[in-house]
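Student: I'd like to learn how to read a two-chain model feature by feature. Can we take one and walk through it together?
Tutor: Sure, let's bring it up and start with a single side chain.

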Amino acid sequence: MSAPAAAPLPADQPALLLRWRLPLLAAVLATLPWIAPSQALAVNILIYGLYATGFNLLFGYTGLLSFGHAAFLGAGAYGTGIALARLGIGWFGAIAIGVAASGVLAVLIGALSIRSRGIYFSMVTLALAQLVYYIAFQADDWTGGENGLRGLTVSRLRVGPFALDFLNPVVKYYVIFGFVVAALWALSRVLNAPFGAAIEAIRENEGRALACGFDVRRMKLVAFALSGLVCGLAGALDALHLSIVPIDTLYYQTSGLAVMMALLGGAGTFLGPFIGAAIFLLIEDTFSLWTSHWQLFVGAIFILAVLFLPRGVWGSLIAWHQGRRA
Amino acid sequence: MQLDLIAVQLFTGVALGAVFVLLSIGLSVIFGMLGVVNFAHGAFYMTGAYAGVFCLAVTGNFWFALAAVPLLIGALGLGVERFLIRPLYGRGPDYPLLLTFGLGYVLVEAVRILFGTDGMPFDTPSLLAGGIDIEGLGYFPAYRLFVIAVTALILLLLWLLLERTRYGLIIRAGARDPEILSILGLDIARVWLLVFGLGTGLAALAGLLAAPMRSVNPEMGVAVLVEAFVVTVIGGMGSLLGGAIAGLLVGIVVSLTALWMPQMSTISMFALMTLVLLIRPQGLFGRGLSR
């Protein structure tokens with residue numbers, strides 16, 4: 001039972017898809033407001049897709065199952081919210097502060113939790129994220145405590161000489177879209193770089209990666225920090241979108257959300273987390289119309305996915321495609 | 001600071017710690033044997049408390065509930081292992097973890113459907129309603145003494161089971177090398193089944209015992225799952241002694257911080273965990289990081 005923590009093995013992806021993954025995803029996301037059942041759902045897919053993608057960098061690519069990513073989504077959201085509502089900083093600076101706060105937190109939590117391995121890692125990340133939750137809960141002068149952080153409505157975005165009407169849902173969507181695509185572009189570059197290959201080597205066999213001369217600890221920490229930065233951006237965008245930061249952003253369930261979305265779509269694939277986020281949010285949207293107990297269905301579907309579709313929807317499609325060609 | 005205040009708070013800490021001990025030992029036994037981190041452990045704890053509410057409503061007898069609840073939820077655990085977790089062996093430790101996480105969702109929602117989303121009252125059984133007043137030292141509620149006694153008894157029984165019986169020998173051998181055990185002709189799948197049932201039964205017992213002390217609601221399992229993890233990380237995964245000592249330690253630390261710095265009491269256990277991680281990443285009684 002000393003097997004390395006086994007993240008789902010993604011099949012080798014078709015080269016064509018590998019090259020076009022970013023334009024493909026950007027194109028789908030650009031048309032999303034017209035395909036999705038509602039505007040609100042489209043924005044949520046954008047934000048939570050980015051959140052799950054950031055998580056996936058650590059889980060799917062590096063093989064570290066974190067149960068504490070709510071801390072980074074929350075740090076991004078609270079960082080941005082506090083900068084806007086308490087410090088009166090402009091929207092762009094506020095996003096930068098949120099992302100930076102999340103990065104710093106990720107380095108702190110990462111440095112502590114990568115001291116432990118495998119299953120221990122999941123427990124430690126969960127516990128540390130819960131600590132962040134309790135701290136935010138207590139520090140209500142800054143965070144608003146139980147009621148969440150309010151009063152950060154941004155109605156106009158100043159960009160040089162122009163001002164964008166952020167209350168217009170279409171403008172709002174495409175502003176957030178711009179940030180998400182930029183982050184995905186950066187992430188795609190990182191995954192294509194030697195660093196991307198190295199973290200996948202750590203996932204496949206940590207001992208071997210170490211023997212090959214990689215500084216495994218440092219790479220894990222860098223992956224953790226990058227993952228935190230991406231999730232922090234998702235949090236910052238969520239704060240701008242909602243105009244409030246609910247305390248639940250930091251809760252255990254939010255960490256689980258990233259896990260469920262990444263696994264449903266396909267961990268270790270680039271498009272998987274977005275597909276997972278879309279599936280999850282669609283299920284929530286559909287079932288919550290006729291029952292308040294929609295979580296029962298989400299839980300059951302997740303259990304079925306773990307049992308019968310461990311590669312997730314997108315991962316299974318890729319594997320099926322490979323199988324047909326072989 | 002008066003001595004009596006500290007004594008009473010220390011006692012409260014030990015009672016709280018007793019619940020942690022039961023929880024983390026169930027978690028630890030399951031992990032030690034099956035290599036599964038049970039993320040539904042908090043949900044089983046919560047179901048235990050609700051099964052207690054149900055038993056009390058039907059029979060009105062706390063002692064009956066005390067005997068029936070661990071058996072009932074233990075049986076539920078047997079079903080979960082047999083039909084949901086068993087298909088996942090050999091796929092790496094992440095999958096059972098993810099599955100039990102989803103199971104936690106389902107259990108919480110099922111309880112919400114059956115009992116409603118609001119909290120439930122759970123009275124201290126009348127026989128244990130009083131307390132003992134020690135002159136100059138303070139007042140000690142009988143129910144908390146009872147919780148401590150039951151936990152001590154369970155620990156003793158578990159120790160006897162593991163160290164002094166044939167079954168214990170099989171369990172310990174299975175934790176070390178399941179393959180050899182099956183080569184020797186023992187049905188390892190059955191051992192795993194029973195161990196999972198035992199672990200969930202212990203979680204349910206913890207939930208029932210905690211019900212009169214902490215509130216009963218569908219979300220009660222979430223906080224407690226994290227607390228059990230903290231205890232297990234501090235004590236060292238797979239170590240019974242570690243779980244017992246760390247459980248008591250965390251209980252005492254939490255209630256003593258509640259005395260001096262009330263707003264820090266939920267945070268103190270995490271600080272303790274961080275400290276242990278920095279000094280001994282494998283936990284106080286852990287055996288290295290091989291897993």
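Student: Which residues does B:Phe270 touch, not counting residues up to four places away in sequence?
Tutor: Keep in mind that this is a predicted model. Once those sequence neighbours are set aside, B:Phe270 touches A:Ala127, A:Leu131 and B:Val230. That list holds residues of chain A as well as a residue of chain B. B:Phe270 itself sits in helix α11 (residues 265-279) of chain B.

Student: And is B:Phe270 buried or exposed?
Tutor: The idea is to count C-beta atoms around the residue; 20 or more others within 10 Å makes it buried. B:Phe270 has 20 other C-beta atoms within 10 Å, so it is buried.

Student: What does B:Val230 contact, leaving aside neighbours within four places in sequence?
Tutor: B:Val230 is in contact with A:Ala127, B:Val250, B:Met269, B:Phe270 and B:Met273. A:Ala127 turns up again here, just as it did for B:Phe270.

Student: How should I think about a group of nonpolar residues like that?
Tutor: In soluble globular proteins, nonpolar side chains tend to be buried together. In this model the largest nonpolar core has 192 residues, and A:Ala127 and B:Val230 touch the most other members. Helix α1 (residues 3-34) of chain B gives the most to this core, with 17 residues.

Student: Can we look at a residue from that helix?
Tutor: Take B:Phe31, which lies in helix α1 of chain B. B:Phe31 counts as buried because it has 22 C-beta neighbours inside 10 Å. Beyond four places in sequence, B:Phe31 is in contact with B:Val36, B:Val37, B:Met237 and B:Gly238.

Student: How far apart are the C-alpha atoms of B:Phe31 and B:Val231?
Tutor: Sequence separation and spatial separation are two separate readings, and it helps to put them side by side. B:Phe31 and B:Val231 are 200 residues apart along the chain, and their C-alpha atoms are separated by 14 Å. For B:Phe270 and B:Leu99, 171 residues apart along the chain, the C-alpha separation is 26 Å.

Student: How many residues of each chain take part in the contact between chain A and chain B?
Tutor: Read an interface by counting, then by asking what supplies it. Here 39 residues of chain A are in contact with 39 residues of chain B. On the chain A side, α5 (118-138), α11 (252-265) and α13 (294-308) each supply at least two residues. The most comes from α5(A), with 13 residues. By type, the residues on that side of chain A divide into 27 nonpolar, 10 polar and two charged.

Student: What about the overall fold of each chain?
Tutor: Start with the elements. Chain A has 14 helices and two strands, and chain B has 11 helices and two strands. Along the sequence, chain B follows the pattern α-α-α-α-β-β-α-α-α-α-α-α-α.

Student: Why would I call chain B a compact globule?
Tutor: Compare its radius of gyration with the value expected for its length. For 291 residues a compact globule would be near 19 Å, and chain B has 19 Å, so the two agree. Chain A, with 326 residues, has 19 Å against an expected value near 20 Å, which agrees too. The C-alpha trace of chain B spans about 60 × 50 × 35 Å along its principal axes; for chain A the spans are about 55 × 45 × 40 Å. As for burial, 50% of the residues of chain B count as buried, and in chain A it is 49%.

Student: How do the two strands of chain B pair?
Tutor: Strand β1 (residues 131-134) and strand β2 (residues 138-141) of chain B pair in the antiparallel sense over four bridges. B:Gly131 stands opposite B:Pro141 in β2(B). The hairpin has three residues between the strands, and B:Gly136 takes a positive phi near 80° there.

Student: Which residue other than glycine has a positive phi near 65°?
Tutor: That's A:Ser243, in the loop between α10 (216-242) and α11 of chain A. A:Ser243 counts as partly exposed because it has 18 C-beta neighbours inside 10 Å.

Student: How much confidence does the predictor report?
Tutor: Where pLDDT is low, the predicted coordinates should not be read in detail. Chain B has a mean pLDDT of 89, with 98% of its residues at 70 or more. The model scores ipTM 0.88 and pTM 0.89.

Note on methods:
Residues are numbered from 1 along each chain as its sequence is written. Chains are lettered from A and ligands numbered from 1 in the order in which they are written. Two residues are in contact if their C-beta atoms, placed from the backbone, lie within 7 Å. Ala, Val, Leu, Ile, Met, Phe, Trp, Tyr, Cys and Pro count as nonpolar, Asp, Glu, Lys and Arg as charged, and the others, Gly among them, as polar. A nonpolar core is a set of buried Ala, Val, Leu, Ile, Met, Phe, Trp, Tyr and Cys residues joined through C-beta atoms within 7 Å. A residue is buried if 20 or more other C-beta atoms lie within 10 Å of its own, exposed if 12 or fewer, and partly exposed in between; C-beta atoms are placed from the backbone. The radius of gyration is taken over C-alpha atoms; the globule rule is 2.2 Å times the number of residues to the power 0.38. pLDDT is the predictor's confidence in each residue, from 0 to 100. Two strands pair if DSSP finds at least two bridges between them.
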